[in-house]
Amino acid sequence: MNPVQALERQARPEIEAWLKETRPEALAELYAAADQTRRAEVGDEVHLRGLIEISNRCDRQCLYCGLRAGNDTLTRYTMTRGEILACARQAQAYGYGTVVLQSGEDAGLDTDLISELIQTIKRETALAVTLSLGERAISELERWKAAGADRYLLRFETSNLELYAAIHPGPTSHQHPRVQHLRRLRELGYELGSGVMVGIPGQTYADLVNDLLLFKELELDMIGLGPWIAHAQTPLGRFPERFLVEPEEQVPASEDMVYKLIALTRLACPGSNIPATTALATINARDGRELGLQRGANIVMPIMTPVQYRRLYEIYPDKACADESSEDCRRCLTGRILRLGRTLGSGRGDSRRSITTKRLAC
Ligand code: 5AD
């Protein structure tokens, strides 16, 4: 069955077979279909989202993430208001359409400070503002929306609640906490970004099929997909064997697996924005971004964080672009986009769903 039919019919075994596919001709067919759908649905423009990693402090203990509170080898930082605004102004000067304010789940980040930053960026620039600050209180999410925030990025990481709970210590719940959060964010009027890591120890092919179907059900505006990368200062990085499932069921954290998922996600959610992620560029620095962009992706997220902080935002080791300046990232990524024959996006790069929804609301 071709992948589009498999996805339309939610035919789980067939979707799983595509995820397990290794024959070069079949994969070439999958990638060509994804690239064609990308071109037809979201065009040749590649939108740039300037990523500002505003704080690496985190109160959580996620088993995969280098920013986890328990990692006491990491020097912690919080950018000042002035530094954050300078980055946002730079993003505007570069012609980017969006800034993303990202941090660990840092209760020390003051609600009013974030509100004021959003208001100032919205007043002074034409940028869309995306927040990626973790599972914050609904009252804060309301305040930030009212302050002018446009989008929220919160990966659900895996739709398998048992695996999710195993790698996210915290109160137990019968519902997926981040999926619940995403539904609330949608009700508040945010454009929604989410996504998963590919190849988490313990993640099965059946889980990944469910993830794909959940992307569709949630009508996500943006879907970020990257490989899980072992971090030596995390339990998952140190003891993956404690989590791994049977070899035939365990999803590998491989580059090819990420491309297959990007391609299937493009076919499942044709109008969504899909980034070629930094994690993908980390496992293939030479042409990971390019291959992502040629197999379904249409977004890149150049890092804008000041050089002195970059190495400290170490979610995983050897992160791509960690030693570069914002200007280096701009030059490198725009070069890569143009060499593929693609164009630089103009405007904010809102998702098709959000544009249609706004039009209907008028
Ligand atoms: N490997 C790959 N991706 C990771 N992230 C966090 N830790 C890792 C890791 N070790 C991803 C998560 C998170 C995003 C900001 O970074 O998906 O949502």
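**Exercise 1. Place tyrosine 152 in the fold and decide whether it is buried or exposed.**

Start with the secondary structure: tyrosine 152 lies in strand β4, which covers residues 151–153. Keep in mind as you work that this is a predicted model.

Next, take the accessibility. Tyrosine 152 has a relative accessibility of 0%. The cut-off for buried is under 20% relative accessible area, so tyrosine 152 counts as buried.

Now look at what surrounds the residue. Leaving out residues up to four places away in sequence, tyrosine 152 touches Thr130, Leu131, Leu133, Gly134, Arg136, Leu141, Leu185, Tyr190, Glu191, Leu192 and Gly193.

Finally, try a distance. Between tyrosine 152 and tryptophan 228 there are 22 Å in space, C-alpha to C-alpha, and 76 residues in sequence.

**Exercise 2. Do the same for leucine 333: find its element, its burial and its contacts.**

Leucine 333 belongs to helix α15, residues 326–339. Its relative accessible area is 3%, so leucine 333 is buried.

Setting aside neighbours within four places in sequence, you should find leucine 333 in contact with Arg289, Val300 and Pro302. Pick arginine 289 from that list: leucine 333 and arginine 289 are 44 residues apart in sequence, and their C-alpha atoms are 8.8 Å apart.

**Exercise 3. Describe how helices α5 and α6 pack.**

Begin with the geometry. Helix α5 spans residues 111–124 and helix α6 spans residues 138–147; their axes are 8 Å apart and meet at an angle of about 20°. Angles under 35 degrees count as roughly parallel, so α5 is roughly parallel to α6.

Then add the handedness: the crossing of α5 and α6 is right-handed.

Now list the residues. From α5, the contact uses Thr111, Asp112, Ile114, Ser115, Ile118, Gln119 and Lys122; from α6, Glu140, Arg143, Trp144 and Ala147. Sorted by type, the residues of this contact are 4 nonpolar, 3 polar and 4 charged.

**Exercise 4. Step back: what does the radius of gyration say about the chain?**

First count the elements: the chain has 16 helices and 8 strands. Along the principal axes, its C-alpha atoms fill a box of roughly 55 × 45 × 40 Å.

For 362 residues, a compact globule would have a radius of gyration near 21 Å; the chain has 19 Å, so the value agrees with a compact globule.

Two further figures round off the picture. Buried residues account for 57% of the 362 residues. Of the contacts between residues at least 6 apart in sequence, 77% join residues at least 24 apart.

Terms used. Residues numbered from 1 in each chain as written. Predicted model: local features only at pLDDT ≥ 70, side-chain atom pairs only at ≥ 80, totals over all residues. Heavy atoms only, no water. Axes fitted to C-alpha atoms, helices over the stretch in contact; angles between N-to-C directions. Helix = DSSP H or I, 4+ residues; strand = E, 2+ residues; numbered from the N terminus. Parallel < 35°, antiparallel > 145°, perpendicular 65-115°, else oblique. Left-handed = near helix turned anticlockwise from the far one by under 90°. Contact = heavy atoms within 4.5 Å. Nonpolar A, V, L, I, M, F, W, Y, C, P; charged D, E, K, R; others polar. Buried < 20%, exposed > 50% of the residue type's maximum accessible area, 1.4 Å probe, protein only. Rg over C-alpha atoms; globule rule 2.2 N^0.38 Å.
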